[in-house]
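Reader: Hi! I'm in my first year and new to reading structures. Could you pick one small part, look at it closely, and then show me how it connects to the rest?

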Amino acid sequence: MNTELLERPEHAQAPAQAAATVRERAPAPSRSAPGSDNGAGAAGSESSARGEVPASQQQPVVWFDGKFIGSDAPEAPLTTHAMHYGTAVFEGIRSYATADGGAAVFRLPEHLERMRKGADMFGIAFDVERAGRAVLDTLRANHHRDAYIRPLTWMGTGTIGLDVDPLTQHLMVATMAKVVHLGGARTRLTVSPWKRNPATSLPPLKLSGAYVNSILAKREAKQRGFDEALFTDDKGYVVECTGANVFMVKNGEVTSVDHRDALPGITRDTMIALSGAASREVTLHELLDADEVFVCGTAAEACAIEALDRRVFGDNPVTRELSALYAQVVRGQDSRYAHWLTAV
């Protein structure tokens, strides 16, 4: 398998041109020799030309350092620094099919600005406008409307040590027409024995290595039969879930959990704007005493909590109402929030 990092020009191809390039470079299965390495090329594992099969059956392309490649093309060497140390920054973004037959990305500038802040921590030169163009071009190339978008910038090769200054820097954008997290389903939550990375040790940004913390908590919760884990701090205050911010409803009043160790969620900010929620610290005792609890995030959207350990919550009318409003906003059905949408 070819593991050499290909040199890429800085300008991106137009989506139609890129798709045509992938078609030209993709060998048909019937012409491949048995045991041949179909991964050696920008899109060698494509089973057929993108124009000859329905869009739903095509292998998505990925924007990588200015060009489109096949989504399973081997572009990162085994000595990639991010693979060894987690020196990467990502975002989770969503696009939605809109009522006018098009598509729009929800709060794209805010996501990319947060990503820039994370890139700054590693000294990665991150161009917000370039990344924004790459997101839109990738959605168009893949014919995706309802999609999860994953931009990732990372430190490449140059040293295996902890000094990142000599390392190469890279950017990719992938789009996936599927749900990757809670997806709005009613969820059974448990308090994790793990604690969230404190902000005094790691900034609450989407640094890839920091999410080992979430993976450990999620895995432990699943092993005990729950869907998701809730982080609390040593003083009994709620922090967040493994990939979502926490809200509670008591006597019709919506409260957003505020904690310095929690990610400043863009969906959280959206829900505060839509609900008029107060934002403050919340104890675990308060959460257990709430009428409703829900969590929110780009992938999770607004997800009602069915139970928190032994505490079972009943109906979730406020959560349902907010979830319905959120669905209208992200699909461009509420003109008051049109400024949050970037047309594809």
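**A close look at one valine**

Author: With a relative accessibility of 11%, which is under the 20% cut-off, Val62 counts as buried. Please keep in mind as we go that this is a predicted model.

Let's find where this valine sits. Val62 belongs to strand 1, which runs over residues 61-64. Setting aside residues up to four places away in sequence, Val62 touches Lys67, Phe68, Ile69, Ser71, Met172, Val173 and Ala174. You can also compare Val62 with Ala73: they are 11 residues apart in sequence, and their C-alpha atoms are 9.1 Å apart.

One of those partners leads us to a pocket. Met172 touches Val62, and Met172 is also among the residues nearest the centre of the second largest pocket, along with Glu75, Ala76, Leu152 and Trp154. That pocket holds about 360 Å³ of space and is lined by 18 residues. Strand 1, the home of Val62, supplies at least two residues of this lining, as do strand 2 (67-70), helix 2 (81-85) and strand 6. By class, the lining residues are 12 nonpolar, 5 polar and 1 charged.

Strand 6 can be our bridge to the next place. Besides lining the second largest pocket, strand 6 (147-155) supplies at least two residues to the lining of the largest pocket. Helix 3 (108-122), helix 5 (212-223), strand 10 (238-241), helix 6 and strand 14 each do so too. The largest pocket has a volume of about 620 Å³. Of its 30 lining residues, Phe90, Arg150, Lys206, Tyr211 and Gly243 are the closest to the centre. Its lining divides into 12 nonpolar, 11 polar and 7 charged residues.

Lys206 now brings us to a glycine. Gly92 is in contact with Lys206, and also with His111, Tyr148, Ile149 and Thr298, once neighbours within four places in sequence are left aside. Gly92 is found in the loop between strand 3 (88-90) and strand 4 (93-97). Its relative accessible area is 5%, so Gly92 is buried. This glycine is a nice case of residues that are distant in sequence meeting in space: Gly92 and Ala299 are 207 residues apart in the chain, while their C-alpha atoms are 7.2 Å apart.

His111, a contact of Gly92, takes us into helix 3. This helix has 15 residues and reaches 22 Å from its first C-alpha to its last, close to the 21 Å expected. Its buried residues are Leu108, His111, Leu112, Arg114, Met115, Gly118, Ala119 and Phe122. These buried residues cover an arc of only 155 degrees around the axis, which puts them on the same side of helix 3. Right after the helix comes Gly123, with a positive phi near 75 degrees.

Helix 8 (residues 317-330) lets you see a similar arrangement again. It has 14 residues and reaches 20 Å from its first C-alpha to its last, close to the 20 Å expected. Thr319, Leu322, Leu325, Tyr326, Val329 and Val330 are buried in this helix. Seen down the axis, these buried residues of helix 8 fall within an arc of 130 degrees, so they line one face of the helix. What do the buried residues of helix 8 pack against? Their partners are strand 4, strand 5 (103-106), helix 6 (266-275), strand 14 (292-297), strand 15 (301-308) and strand 17 (341-343). Gly332 follows helix 8, and its phi is positive, near 75 degrees.

There is an enclosed space to look for as well. The structure holds 1 cavity of 30 Å³ or more, with a volume of about 110 Å³. Of the 13 residues that line it, Arg196, Asn197, Pro203, Pro204 and Leu205 are the closest to its centre. The lining has 9 nonpolar, 1 polar and 3 charged residues.

Finally, let's step back. The protein has 8 helices and 17 strands. Our valine has plenty of company, as buried residues make up 50% of the 344 residues. Among contacts between residues at least 6 apart in sequence, 68% join residues at least 24 apart.

Conventions
Residues are numbered from 1 along each chain as its sequence is written. This is a predicted model: local features need pLDDT of at least 70, side-chain atom pairs count only at pLDDT 80 or more; totals for chains, interfaces and linings use all residues. Side-chain values use heavy atoms; hydrogens and water are left out. Helices (H or I, at least four residues) and strands (E, at least two) are DSSP runs, numbered from the N terminus. Buried means under 20% relative accessible area, exposed over 50%, partly exposed in between (1.4 Å probe, protein chains only). Contact means heavy atoms within 4.5 Å. The expected span of a helix is 1.5 Å times one less than its number of residues. The arc is that of the directions from the helix axis to the C-beta atoms. On a 1 Å grid over the protein atoms alone, a cavity is a set of points where a 1.4 Å probe fits but cannot get out, and a pocket is an open set with protein on both sides within 12 Å along at least five of seven lines; lining residues have an atom within 4 Å of a point. Grid points are joined across faces, edges and corners, and a volume is the space filled by probe spheres set on the points. Ala, Val, Leu, Ile, Met, Phe, Trp, Tyr, Cys and Pro count as nonpolar, Asp, Glu, Lys and Arg as charged, and the others, Gly among them, as polar.
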